[in-house]
Amino acid sequence: MAKKVALLQGNQACAAGAVYAGCTFFAGYPITPSTEVAEELSNDLPKIGGKFIQMEDEIAAMAAVIGASLTGSKSITATSGPGVSLKQELIGYACIAEVPCVIINVMRGGPSTGMPTGPGQSDVMQAMWGTHGDHAAIALVPSTVQEIFTETVRAFNLAEKYRMPVQVLFDEIVGHMRERIVFPEPGELEVINRTAPTVSPAEYKPYDATKGQVPPLASFGSGYKFHVTGLNKAADGFPTTKAEYVDAEERRQVNKVMDNVADIESNEEYLTEDAEVLIWSYGSTARSARYAVNELRKQGIKVGLFRPVTLWPFPEKRTSELAKQCKAIVVAEMNLGQMVYEVERAAKGNCVVVHEGRVDGEPINPGQIAAKVKEVM
Amino acid sequence: MAYDYDKSIRPGKLPHIWCPGCGHGIVMKGLIRAMDTCGLDRKNTAIVSGIGCASRLPGYLDACTLHTAHGRAAAFATGVKMAKPEMTVICCGGDGDGTAIGGNHFIHACRRNIDMTYVIMNNFIYGMTGGQFSPCTPTGAKASTTPYGNPDPVFDISKLAIGAGATFVARTTAAHPREIDKLITMGIKHKGMAIIEVLDDCPTTYGRRNKFRSVVDMMKHLKANAVPAVAASKMTAEQLAGKFLTGVLFQEERPEYTAQYAEVIKKAQGA
Amino acid sequence: MSQRYELRFSGAGGQGLITAGIILAEAASIIEGKRAEQSQSYGPEARGGASKSEVIISDGPIDYPKATIVDICLAMTQEAADKYANGIKEGGLLLLDADFVKNTPQGNFKVYRLPIMRMAKEDVGREIVANVVALGAVVGMTGVVSRDAAEQAVLRKVPEAFKDLNKKAFNLGYEKGKELLN
């Protein structure tokens with residue numbers, strides 16, 4: 001049987017991906033340019049017995065998502081930059097309390113209200129460092145409508161597997177544009193569910209590191225009574241200020257991500273084998289970059305594209321390797337310079353690293369990137 | 001025979017953090033008795049709080065307990081209740097947590113009439129941070145941030161809850177322990193949003209700044225100024241000056257939120 | 001390197017030009033199996049203002065999702081013509097609403113006029129189908145998708161009660177568009 005195809009907006013594909021991944025709970029607050037994710041899920045979730053709630057504000061939406069996830073529901077919220085700013089404290093809560101959830105950020109310009117209907121990529125550092133305190137982050141940056149679907153599924157998988165919030169960032173361009181999407185059949189994409197505890201309720205400790213780097217999470221209402229807090233805590237979930245517990249827990253929560261980069265990482269390379277200049281770009285800008293690569297190759301210029309799909313944890317190893325191979329790296333992103341600093345750090349002075357940005361509400365076009373490449377040749 | 005509170009307290013979690021003379025412990029005991037009276041299965045009971053002295057309460061109780069971020073108890077609890085309506089959900093916290101930083105969540109939880117019981121311990125002050133004024137600090141009172149007396153008007157939490165749409169609103173004080181569990185029991189049994197405001201004392205950060213010479217003075221003050229709502233109708237405005245009404249202040253039947261959403265699911269599924 | 005064909009529909013918000021773009025992209029990608037991609041830009045207004053919808057059709061992957069050099073541009077209002085009738089390729093096509101665009105944008109492209117709003121109102125009977133008349137004209141002028149695929153895509157998008165109306169609108173636009181280039 002032929003697979004189901006449709007012409008969908010990125011935001012609609014995101015909603016469809018969430019349902020595919022087994023999501024049963026959405027809480028959100030209206031904000032351009034992400035609203036279609038909420039609209040779709042308000043329609044689709046009750047059909048499968050799931051729940052949709054429009055909360056009184058962005059913070060409440062994040063709170064409800066964490067609350068719902070603690071009952072065992074795969075949970076998601078969708079917003080844009082201003083909303084993510086408001087949610088940051090509770091994103092940190094989900095980090096320290098280790099509650100799986102997915103946060104969609106359809107990026108626009110900024111700071112503040114900025115340009116709500118224009119695209120931007122200026123929340124990429126915020127995705128890592130937006131919440132206070134030490135923590136690890138996972139952020140995915142799809143660049144096509146099909147990839148928004150698959151990365152939303154992967155975001156749920158990573159959230160459940162690593163027991164933490166996972167952010168998916170795409171910009172207004174891919175969020176709103178329509179492309180053909182081929183719907184994967186059930187079972188075609190991997191769907192990971194939360195690991196339930198195997199010990200009895202009496203023995204259960206929600207942060208028991210002897211059960212592995214990611215201890216199993218029980219659900220409220222499943223027979224397990226336990227305590228969840230945003231305070232530093234011991235293995236049993238109760239607050240502690242004992243230095244050795246605090247230190248060990250904080251490190252475990254960062255290491256559970258950093259020790260598993262190979263599992264979390266996802267990159268795409270295009271014509272990098274012989275590249276002398278590398279374009280390092282993600283999301284919708286990487287589409288311009290790929291177009292530029294094709295144009296430049298026609299002119300005999302040895303240029304390639306590195307496109308991270310997992311932006312955080314940062315693709316350090318491969319970026320370092322490519323820096324040794326290339327004369328220069330052009331980091332193209334719709335901001336005034338964010339990931340370029342990470343690339344610079346990973347390049348360790350082995351090549352020139354330059355930035356090509358734009359913040360006027362228009363996408364970076366292929367000509368702009370091509371000109372920069374020629375400039376650094 | 002002494003009431004057996006121990007079976008409801010998590011082993012090893014006492015002593016609590018509250019100061020001698022603080023009324024929060026009285027409220028906790030009232031909550032335990034109410035939960036027993038209602039026969040709640042603790043495995044299917046979520047107790048959710050924000051940040052502050054009162055918000056430490058869930059950690060001591062043997063249930064599914066969720067100590068969230070400052071002000072967000074009602075929003076977290078809404079997520080829990082929406083996702084698992086079969087659970088009993090109880091919120092607790094203080095006046096600053098619930099009506100200042102959490103004010104928006106408080107009023108909207110009332111508006112939705114989602115089935116939960118919110119026990120709000122109003123001790124007129126931010127205790128944990130050392131006694132700054134809250135929206136419930138009496139005008140003119142001293143707090144660490146009102147050295148010249150509080151210029152702010154006061155929130156009447158119960159009136160706020162009624163205005164926002166809560167369908168069961170009651171008030172009592174820490175000096176009326178039996179009424180605490182009676183009202184919380186009624187709140188738990190009520191299908192919809194129940195707000196139980198318990199006027200409470202903070203001898204450490206409020207009492208000593210405001211000429212209460214002892215905990216006993218504070219308790220006497222609460223007792224002397226509480227007027228049962230049923231009695232108030234026969235009193236003059238003069239007689240009621242400086243008093244606060246206690247007992248059930250408001251009760252009505254209105255569709256409950258998760259029940260309404262169950263209807264949405266039926267419609268979506270074409271039933 | 002794959003062949004890109006770029007179309008831009010512009011006019012006032014609420015005229016249905018985003019829908020016209022979506023229908024065309026569906027005709028190309030879902031019905032004809034080519035690659036197609038539709039995007040839009042709009043201001044804060046839900047109605048009025050200038051809006052544009054772009055469709056890129058290609059036989060290969062579409063990397064850059066916005067127009068690079070436009071093969072055909074439609075402008076339904078003066079504001080849209082002033083703002084969006086640019087980046088049209090040399091020898092490309094510009095279709096204007098004859099009644100609503102008085103000042104013709106200058107450039108190295110061919111300009112055509114049809115009274116699209118009037119055709120919708122007087123010949124089809126409902127102003128609301130002007131976007132489908134415009135779509136018909138663009139398909140008639142360019143042949144970028146087949147007449148049949150475009151008509152199918154229109155009919156998939158509209159409720160049963162409005163199928164005849166839209167069919168009439170599309171075919172009127174298609175015939176007039178085709179005539180323009182003859």
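Here are four short exercises with worked solutions on a predicted model.

**Exercise 1. Work out which chains touch, and which pair has the most contacts.**

Step 1. Look for pairs without contact. Chain B and chain C are not joined by any contact, and their closest C-alpha atoms lie 20 Å apart.

Step 2. Rank what remains. Of the two pairs of chains that touch, chains A and B have the most contacts.

Step 3. Count the residues on each side. Between chains A and B, 34 residues from chain A meet 34 residues from chain B. The elements of chain A that give two or more residues to this side are strand 2 (25–28), strand 3 (51–54), helix 3 (58–70), helix 4 (81–97) and strand 9 (227–229). Helix 3 of chain A gives the largest share, nine residues.

Step 4. Sort the chain A side by residue class. You should find 19 nonpolar, nine polar and six charged residues on the side that touches chain B.

Step 5. Turn to the other touching pair. Here 19 residues of chain C are in contact with 18 residues of chain A. On the chain C side, helix 1 (17–31) and strand 2 (35–41) each supply at least two residues. The residues of that side divide into nine nonpolar, six polar and four charged.

**Exercise 2. Find the strands of chain A that pair with strands of chains B and C, and give the direction of each pairing.**

Step 1. Begin with chain B. Strand 9 of chain A is joined by three bridges to strand 2 (residues 64–67) of chain B, and the two strands run parallel. To place the pairing in your viewer, pick His227(A), which stands opposite Thr65(B).

Step 2. Move on to chain C. Strand 8 (residues 178–182) of chain A is joined by two bridges to strand 2 of chain C, and these strands run antiparallel. A handy pair to select is Arg178(A) with its bridge partner Gln38(C).

**Exercise 3. Describe how helix 11 and helix 12 of chain A pack against each other.**

Step 1. Decide what to report. Two packed helices are described by the angle between their axes and by the distance between those axes.

Step 2. Read off both quantities. The axes of helix 11 (residues 316–325) and helix 12 (residues 339–347) of chain A come within 8 Å and cross at roughly 65 degrees.

Step 3. Classify the angle. Angles of 65 to 115 degrees count as roughly perpendicular, and helix 11 and helix 12 of chain A are therefore roughly perpendicular to each other. Their crossing is right-handed.

Step 4. List the residues that meet. Helix 11 of chain A brings Glu316(A), Thr319(A), Ser320(A) and Ala323(A), while helix 12 of chain A brings Val343(A), Ala346(A) and Ala347(A). By class, the residues of this contact are four nonpolar, two polar and one charged.

**Exercise 4. Characterise the contact of domain 1 with domain 3 in chain A.**

Step 1. Set the bounds. The domain assignment of chain A gives domain 1 (5–182), domain 2 (209–262) and domain 3 (268–376).

Step 2. Place the two domains. The C-alpha centres of domain 1 and domain 3 of chain A lie 26 Å apart, and the contact takes 23 residues from domain 1 and 20 residues from domain 3.

Step 3. Break down the domain 1 side. Helix 5 (124–129), strand 6 (138–140), strand 7 (165–171) and helix 7 (172–176) of chain A each supply at least two residues. The largest share, four residues, comes from helix 5 of chain A.

Step 4. Finish with the classes. The domain 1 side that touches domain 3 holds 15 nonpolar, six polar and two charged residues.

How values were computed
Residues numbered from 1 in each chain as written. Chains lettered and ligands numbered in written order. Predicted model: local features only at pLDDT ≥ 70, side-chain atom pairs only at ≥ 80, totals over all residues. Contact = placed C-beta atoms within 7 Å. Nonpolar A, V, L, I, M, F, W, Y, C, P; charged D, E, K, R; others polar. Pairing = 2+ DSSP bridges. Axes fitted to C-alpha atoms, helices over the stretch in contact; angles between N-to-C directions. Parallel < 35°, antiparallel > 145°, perpendicular 65-115°, else oblique. Left-handed = near helix turned anticlockwise from the far one by under 90°. Domains from an automatic or database assignment.
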